[in-house]
Amino acid sequence: MRQLALDLGERSYGIYIKEGLLTDSQLFSQFCRGENILILSNDMVAPLYFEQLKTSLPDKTIHQFILPDGEIYKNLSHYSEVLDYLVTQGFRRNDTLIALGGGVVGDLGGFVAASYQRGMGFIQVPTSLLAQVDSSVGGKTAVNHPLGKNMIGAFYQPLAVIIDTNTLDSLPEKEFVSGLAEVAKYAMLGANEVNKLLTEDTAAVLARDKTKLADLIYYSCAKKAQVVAEDEEEKGNRALLNLGHTFGHALERLTDYKRYLHGEAVAIGIHIAINLSLEKTLIAPKTAELYRNLLNKLGLPDKAEIVANTGDFLEAMKLDKKNVSDKYRLVLPTDSACVIVEEDDIEMMGRAITQQLVAA
Ligand SMILES: NC(=O)c1ccc[n+]([C@@H]2O[C@H](COP(=O)([O-])OP(=O)(O)OC[C@H]3O[C@@H](n4cnc5c(N)ncnc54)[C@H](O)[C@@H]3O)[C@@H](O)[C@H]2O)c1
Ligand SMILES: O=C(O)C(=O)C[C@@H](O)[C@H](O)[C@H](O)COP(=O)(O)O
Ligand SMILES: [Zn+2]
């Protein structure tokens, strides 16, 4: 088993990566608190994996809550439905919520766990690539508001992240590729092992070679754990993990969370960030080309088909959580890793956005 720790003092936790962990009852019994367990999942993932997970919890009373599948359901109304269930079933603070699914289930479930009786036990069991390399680690939990992505949430760390890499066998290709955007992000943030796997073993990664994937997940989580351990609540360098997200989140919001998967929107957002880095001469054209080629080779989109003007984009970007003043706070790639810059040149940002838009 590959294993990592996210070092947060008394709230440190382990990230466990191996094929078949869904049925590892020893591992689950180590982290499940209380008598009652709520397995939160959705109507795509639950039919595939709920029963397996249930066998790992023989001594507990198991409840399930199944959300409809999709980003559009990561909202306050579904958050509230889960809370209603916990209250009416008499869950206690000492009980545990297990999020079984992709980032949507993990983000919504984490926010429920954070707020139910001011914090119940929480375990992340991510089943999509994106959730295994990114969303299950680091404690950002949230739901969307119609006007802004992840607008309502909390920092709340899980007790453990248990990654069964076998679940990736059933993940649709488009979702798999979407997860690779966040992996490419780590490469651009200077995670050398991740970069090496993506560039030298591209075919094996795309063919979902088990060993390469386990390595990719391990090194991605290691990079994220290191950044979060140094800045849990995004007071500084954690914002680097937001590369591509200022524009990506605006794109998701302008398309009502329906048209682009999160990773797809982030990939387009990274291209916009590269455009800005080029204009500000923060990056050499050769490095920019390398990054663009990497994203293209992974099968990610580079242009958004959207009926919106740059004004709509810039308006949506105003709600970005990184902003601390009237300026936009952006993460921009350089020849080595990325930098955080404050920007208020609307014209320049408009040009960078326009280059990645095509008429729908
Ligand atoms: N909290 C964080 O740090 C963080 C980081 C990155 C992304 N996110 C959030 O995560 C979400 C995106 O996550 P996602 O890409 O996992 O989306 P998702 O949760 O919608 O899952 C993607 C799709 O794959 C399906 N699926 C998941 N696992 C499967 C499996 N093993 N087999 C078959 N189908 C499976 C899901 O039902 C869904 O249809 C966004 O809401 C994004 O904002 C959060
Ligand atoms: O963990 C982080 O920090 C990230 O920024 C990871 C992102 O991939 C993720 O999409 C996150 O949910 C974005 O956070 P937000 O604060 O911009 O909503
Ligand atoms: Zn993301």
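This briefing walks through the main features of one protein structure, topic by topic. The model is predicted, and the values given below are computed from it. At its centre of interest here is an open sheet of seven strands with mixed pairing, followed by helices that lie across some of these strands, a pair of helices packed against each other, and a zinc ion held by three protein residues. Three individual residues in loops, Gln-117, Tyr-257 and Val-324, are then described in turn.

**The sheet**

- The seven strands of the open sheet follow the order E1-E2-E9-E6-E5-E3-E4, and the pairing among them is mixed.
- Strand E1 (2-6) and strand E4 (61-67) stand at the edges, where each has a single partner strand, so one side of each is left without a neighbour in the sheet.
- On average, neighbouring strands of this sheet are turned by 20° against each other, with direction ignored.
- Strands of a sheet pair through backbone hydrogen bonds, and they do so either parallel or antiparallel.
- Strand E6 (residues 121-126) and strand E9 (residues 160-164) are an example of the parallel arrangement, and two bridges join them.
- Within this pair, Ile-123 stands opposite Ala-160 in E9.

**Helices lying across the strands**

- Helix H3, which spans residues 76-88, lies across strand E3 (36-42) and E4, and its direction makes an angle of about 160° with that of E4.
- Helix H4, which spans residues 103-115, lies across E3, E4, strand E5 (96-101) and E6, and it runs at about 165° to E5.

**The pair H11 and H12**

- Helix H11 (residues 262-279) packs with helix H12 (residues 285-297) at an angle of about 175°, and their axes are 10 Å apart.
- Because angles over 145 degrees count as roughly antiparallel, H11 and H12 are described as roughly antiparallel to each other.
- On the H11 side the contact is made by Ala-267, Ile-270, His-271, Ile-274, Asn-275 and Leu-278, which meet Pro-285, Ala-288, Tyr-291, Arg-292, Leu-295 and Asn-296 in H12.
- Sorted by character, the residues of this contact divide into eight nonpolar, three polar and one charged.

**The zinc site**

- The zinc ion (ligand 3) has as its protein donors Glu-182 (OE), His-245 (NE2) and His-262 (NE2), which lie 1.9 to 2.1 Å from it.
- Along the chain, these donors follow the spacing E-x62-H-x16-H.
- Distant parts of the chain are linked here, since Glu-182 belongs to helix H6 (residues 173-188) and His-245 to helix H10 (residues 245-254), 63 residues apart.
- Both Glu-182 and His-245 are buried.

**Residues with positive phi**

- Most residues other than glycine have a negative phi.
- Gln-117, in the loop between H4 and E6, has a positive phi near 50° although it is not a glycine.
- With a relative accessibility of 37%, Gln-117 counts as partly exposed.
- Tyr-257, in the loop between H10 and H11, likewise has a positive phi, of about 60°, without being a glycine.
- Tyr-257 has a relative accessible area of 10% and is therefore buried.

**An exposed loop residue**

- Val-324 is found in the loop between helix H13 (310-317) and strand E11 (328-333), and its relative accessibility of 60% means that it counts as exposed.
- Leaving aside residues up to four places away in sequence, Val-324 touches Arg-329 and Glu-342.
- Val-324 and Met-349 are 25 residues apart along the chain, and their C-alpha atoms are separated by 18 Å.

Technical notes
Residues are numbered from 1 along each chain as its sequence is written. Chains are lettered from A and ligands numbered from 1 in the order in which they are written. This is a predicted model: local features need pLDDT of at least 70, side-chain atom pairs count only at pLDDT 80 or more; totals for chains, interfaces and linings use all residues. Side-chain values use heavy atoms; hydrogens and water are left out. Two strands pair if DSSP finds at least two bridges between them. Helices (H or I, at least four residues) and strands (E, at least two) are DSSP runs, numbered from the N terminus. Axes are lines fitted to C-alpha atoms, for helices over the stretch in contact, and angles run from 0 to 180 degrees between N-to-C directions. Contact means heavy atoms within 4.5 Å. Angles under 35 degrees count as roughly parallel, over 145 as roughly antiparallel, 65 to 115 as roughly perpendicular and the rest as oblique. Ala, Val, Leu, Ile, Met, Phe, Trp, Tyr, Cys and Pro count as nonpolar, Asp, Glu, Lys and Arg as charged, and the others, Gly among them, as polar. Buried means under 20% relative accessible area, exposed over 50%, partly exposed in between (1.4 Å probe, protein chains only). Donors are N, O and S atoms within 2.8 Å of the metal (3.2 Å for Na, K and Ca); water is not among the atoms, so sites may look incomplete.
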